[in-house]
Amino acid sequence: MSVGVEALFTSALGLQPPWAVEDVKLDVAGKRIDFEVSCQGALLSCPACGAPSQRVHDRLRRSWRHLDFFQYEAWLHAEVPRVACGACGKTTQLGVPWARPGSGFTAAFEALALALCRELPVRQAAALLRCRDKQLWRRIEFYVEQARALESFEGVEIVGVDETSLRRGQDYITVVHDLDEKRLLFAAEGREHQTVVEFAEDLEAHGGDPAAVNHVCMDMSAAYAKGVAMALPNAQISYDRFHMIAMAIQAMDEVRREELKAEPEQVAVALSGADPKTRRNLLWGMRKNPVRWNAAQADAMHWLQRSTLKSARAWRLRMGLREVYARARQHNCAEQAAGDLGRWLSWARRCRLDPFKKLAATIKDKFDAVVRGMLDHRSNAFVESMNGQLQQAKRAARGYRTSKNFIAIAYLRLSRLKHLPAHPFAAAAAN
């Protein structure tokens, strides 16, 4: 090809002397374009000590995958010099300006891969880039670890601790969120107290102070409470609305299942004359809030409320707890919230429904922390939002082979890392 084209690609690739494109080969049938890059000059500066005018010992051929050129897969090839330095006595390979050491991809390609993996499942990103997903996982782990090492956790005071299942079964990871900055701070395998201790160590390693953490929002995990007491000495615990309402729904479902199993005839009599689909509409109607009912679910719930079923009592208890939280949010008064919750506990203890009696006993044991969670509206909203985003990250990581991969994609998507490579297609700054 002409010298002008080679000079054009030298400029397009951002190469500076002694590097230059010396040949371009286009394979239309194979949909591939190859750039031959040369390092000109017999004397170069030593990469190890910087001594100038050192002789080239030999050259090793290497190749890198680059961003696609139109529809063509692009590759860079170069005979990379090794410099024999008379000053330091070392023979060192010269670094190339377009890729990090040891990578088979250019820096621009890796930056694009990270940008895609933040938005798409990793397998889908790999298919678009025409590479193996395992190659992308290695780069995600490398850049996430590098970026996290530069992050500062100074000033972190309010955190949320939660767990999520890694996969089906009993494999879990613990995640810790910064509820002020809405970012994931820490993730680790397991859900024992030791994971909170590990978070405190990681917080300190990033410039934070475990003693400065004054509030922890979490579920009713005895292990997490133990970890907070051990590692975050000045933190108060609150149990957020999301987990408390979830526990009430779980108790309600348990009542419904037990009633259907133990008293099928009574349930059949209560629903006699109703539409055959009523039972299914009841299942979803009981779990939803009334504003989200469709017409069929509203009809089914009216049948339920006219019945004498235990399920009707269970649903009223669940909605009663929801109303307690709504009043606490409206009035933001600790005394009123404690009074409302106390009256609900009295109702639950007298309801003759074992799942709700157990729930009432659990709440009574953690009463002060539950009231703090009722009044801390910020933590309630943030933890629920973070849980949803974490599930999106989990779906994006489908095909992950290890917990390390899942944690890496969670950091990439939720940690708001400031030191990742810039998107190669970002718009140029205006003059």
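## Helices, cores and ring contacts in a predicted model

Biologist: Which elements are included in what covers the buried residues of α5?

Modeller: In this predicted model, the residues of α5 that count as buried are T195, V196, V197, F199, A200, D202 and L203. The cover over these buried residues includes α4 (133-149), β7 (158-165), β8 (172-178), β9 (183-189) and α6 (222-231).

Biologist: How far apart are the end C-alpha atoms of helix α5?

Modeller: Helix α5 runs over residues 193-205, which is 13 residues, and at 1.5 Å a residue the expected span is therefore 18 Å. The model agrees with that expectation, since the end C-alpha atoms of α5 lie apart by 19 Å.

Biologist: Which residue with a positive phi follows α5?

Modeller: Most residues other than glycine have a negative phi. The residue that follows α5 has a positive phi, near 90 degrees, and is the glycine G207.

Biologist: Does α13 have its buried residues on one face or spread around the helix, and within what arc do they fall?

Modeller: Helix α13 covers the twelve residues 354-365, and its end C-alpha atoms are 17 Å apart, in agreement with the 16 Å that 1.5 Å a residue would give. The buried residues of α13 are P355, F356, L359, A360 and I363. Seen down the axis of α13, these buried residues line one face of the helix, because they fall within an arc of 135 degrees.

Biologist: Which exposed residues does α13 carry on the face turned away from its buried side?

Modeller: An α-helix has 3.6 residues a turn, so residues three or four places apart point the same way. On the face of α13 turned away from its buried side, the exposed residues are K358, K364 and D365.

Biologist: In the largest nonpolar core, which residues touch the most other members?

Modeller: This core holds 96 residues, and its largest share, nine residues, comes from helix α11 (residues 310-331). F356 is in contact with A248, A251, M252, V255, A314, L317, R318, W344, A348 and C351, leaving aside its neighbours within four places in sequence. The members that touch the most others are I140, W344 and F356.

Biologist: How many residues make up the second, separate core?

Modeller: The second core is separate from the largest one, and it includes L44, W64, Y72 and L76. Its number of residues is 22.

Biologist: What is the angle between the planes of F9 and F69?

Modeller: The model has ten aromatic pairs, and in the pair of F9 and F69 the centres are 5.6 Å apart. F9 lies in helix α1 (residues 3-12) and F69 in strand β4 (residues 54-69), so this pair ties together parts that are 60 residues apart in sequence. An angle over 60 degrees counts as edge-to-face, and the pair of F9 and F69 is edge-to-face with an angle of 70 degrees.

Biologist: Which residues form one aromatic cluster with F9?

Modeller: F9 is buried, at 13% relative accessibility, whereas F69 is partly exposed, with a relative accessible area of 28%. The aromatic cluster that contains F9 is completed by F35, F69 and F70.

Biologist: At what distance from the ring centre of F142 does the charged end of R100 sit?

Modeller: A charged end counts as over a ring if it is within 6 Å of the ring centre and within 35 degrees of the ring normal. R148 lies over the face of Y411 at 4.2 Å from the ring centre, and the charged end of R100 sits over the ring of F142, where the distance from the centre is 3.9 Å.

Biologist: Which residues does I237 touch, not counting residues up to four places away in sequence?

Modeller: I237 is found in strand β11 (residues 236-239) and is buried, with a relative accessible area of 14%. I237 and V216 are 21 residues apart in sequence, with their C-alpha atoms 4.9 Å apart in space. The residues touched by I237 are V216, M218, A225, V228, A369 and R372.

Biologist: What is the omega of the cis peptide bond that joins P17 and P18?

Modeller: Most peptide bonds are trans. P18 has its place in the loop between α1 and β1 (19-27), and the bond that joins P17 and P18 is cis, with an omega of about 15 degrees.

Biologist: Is S53 buried or exposed, and what is its relative accessible area?

Modeller: S53 is found in the loop between β3 (43-44) and β4, and its phi is positive, near 55 degrees, in a residue other than glycine. S53 is exposed, with a relative accessible area of 53%.

Note on methods
Residues numbered from 1 in each chain as written. Predicted model: local features only at pLDDT ≥ 70, side-chain atom pairs only at ≥ 80, totals over all residues. Heavy atoms only, no water. Phe/Tyr/Trp six-rings, centres within 6.5 Å; stacked < 30°, edge-to-face > 60°. Helix = DSSP H or I, 4+ residues; strand = E, 2+ residues; numbered from the N terminus. Buried < 20%, exposed > 50% of the residue type's maximum accessible area, 1.4 Å probe, protein only. Core = buried A, V, L, I, M, F, W, Y, C linked by side-chain atoms within 4.5 Å. Contact = heavy atoms within 4.5 Å. Expected span 1.5 Å × (residues − 1). Arc of directions from axis to C-beta.
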